[in-house]
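Student: I would like to learn how to read a structure like this one. Could we take it feature by feature?

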Amino acid sequence: MNESSLKKQLVKLNLGGLRYFDSIGSTNDEALAWAADGAKDLSLVVADEQTQGRGRLDRKWFTPKGSAIAMSLILRPTIPMRPHLSRTVGLAALSLTDACLKLGLSPQIKWPNDILLNGKKTAGILVETVWSGDAADSLVIGMGINVEKAAAPPAETLQFPATSLAEQLEAAPKREEIIALILNAFIRWREQIGTEEFLKAWDQKLAFRGEQIQIRAGAEEIIHGRLDGLEPDGSLRLRDEHGSPVSIRFGDVSLRPAA
Ligand code: ATP
């Protein structure tokens with residue numbers, strides 16, 4: 001992948017703008033600065049390598065050169081989208097799962113922000129907001145995708161197993177083709193973000209549905225329950241041992257199968 005092969009692949013998409021980097025600290029940092037500086041809706045930052053890739057909180061996201069997709073998309077929320085901004089992580093997750101489905105894979109969503117193939121993490125999502133007073137001025141949607149085998153971090157460094165598209169397929173397609181699949185799906189799902197169909201499609205792809213799971217919330221708390229589905233705002237609904245519903249909001253939460 002290079003700037004011209006990427007531009008060629010994305011020419012029909014009507015993006016607001018495109019910035020390509022051979023190497024960058026974090027595509028989300030670049031996109032946040034660009035958004036604050038007036039980037040148009042659907043502007044995209046792509047890098048071949050991230051040296052300071054970020055996950056949630058201070059977690060690191062590994063993006064070695066030549067083997068992964070690191071991209072951040074800038075959204076200017078439209079008026080119809082505004083009541084549904086808590087579904088943005090679902091919008092990104094559905095775009096990634098659609099792209100995987102097109103490649104013949106069976107992706108699942110580890111709520112809230114990871115995509116699994118065969119139970120292993122292949123992609124992660126990081127949504128960040130640029131505020132203007134109380135209103136979201138723009139959203140930055142970061143996606144990291146392990147394409148070649150070298151993109152997955154060494155197993156001994158991980159708490160949750162990782163894989164790559166190349167490990168799951170005979171050979172992974174070119175990264176610019178995968179980016180085009182993701183963005184096409186994104187543009188389609190974005191129009192439907194407030195609908196029941198959107199919620200249903202997101203819900204149906206949840207990993208561990210019906211299974212006992214645990215949610216680590218912050219440093220101390222562990223919540224146990226059976227994974228029941230999504231609330232309309234994208235929160236996760238569990239059933240506790242008495243069958244009562246428990247809602248888990250986004251935040252510092254990590255989902256695991258029950259030990
Ligand atoms: P978890 O899946 O363990 O609950 P999380 O969802 O809380 O993690 P994220 O911010 O999504 O955390 O991802 C960061 C974590 O993902 C890192 O701490 C690291 O363990 C792991 N990781 C980093 N880079 C990759 C990668 N390229 N592929 C898979 N996993 C990665």
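**Reading accessibility, pairs and domains**

Tutor: Arg249 has a relative accessibility of 56% and therefore counts as exposed. Keep in mind that this is a predicted model.

Student: What does Arg249 form a salt bridge with?

Tutor: The general idea comes before the case. Side chains of opposite charge can pair when their charged atoms come close. Here Arg249 pairs with Asp233, and their closest N and O atoms are 3.2 Å apart. Asp233 sits in the loop between β9 (221–230) and β10 (236–239), and Arg249 in the loop between β11 (245–248) and β12 (253–257), so the salt bridge ties together parts 16 residues apart in sequence. Asp233 is partly exposed, because its relative accessibility is 28%.

Student: How many salt bridges does the rule count?

Tutor: The count is 17. One of them joins the side chains of Arg54 and Asp29, at 2.6 Å from N to O. That pair links distant parts of the chain, 25 residues apart: Arg54 is in the loop between β2 (43–47) and β3 (68–75), and Asp29 is in helix α2 (residues 27–36). Arg54 is partly exposed at 27%, and Asp29 is partly exposed at 38%.

Student: Which residues are linked in a network of salt bridges?

Tutor: The network holds Arg226, Asp228, Glu231, Arg237 and Arg239. Within it, the side chains of Arg226 and Asp228 meet at 4.0 Å, N to O. Arg226 is partly exposed, with a relative accessible area of 33%. Asp228 has 18%, and a residue under 20% counts as buried.

Student: Is Ser164 buried or exposed?

Tutor: Ser164 counts as buried, because its relative accessibility is 1%. Ser164 lies in the loop between β7 (135–146) and α4 (165–168). Beyond its neighbours within four places in sequence, Ser164 is in contact with Thr122, Asn146, Val147, Glu148 and Lys149. For a contrasting case, take Lys8 in helix α1 (residues 3–10): Lys8 is exposed, with a relative accessible area of 69%.

Student: Where do the domains lie along the chain?

Tutor: The domain assignment gives domain 1 as 3–204 and domain 2 as 212–257. Their C-alpha centres are 24 Å apart. In contact across the interface are 14 residues of domain 1 and 18 of domain 2.

Student: What does the rule find across that interface?

Tutor: It finds zero salt bridges between domain 1 and domain 2, but seven residue pairs in polar contact. On the side of domain 1 that touches domain 2, helix α6 (residues 196–204) gives the most, with three residues. The residues on that side are seven nonpolar, two polar and five charged.

Notes
Residues numbered from 1 in each chain as written. Predicted model: local features only at pLDDT ≥ 70, side-chain atom pairs only at ≥ 80, totals over all residues. Heavy atoms only, no water. Domains from an automatic or database assignment. Contact = heavy atoms within 4.5 Å. Polar contact = N/O pair within 3.5 Å; in protein donor to acceptor, adjacent residues only side chain to side chain. Helix = DSSP H or I, 4+ residues; strand = E, 2+ residues; numbered from the N terminus. Nonpolar A, V, L, I, M, F, W, Y, C, P; charged D, E, K, R; others polar. Buried < 20%, exposed > 50% of the residue type's maximum accessible area, 1.4 Å probe, protein only.
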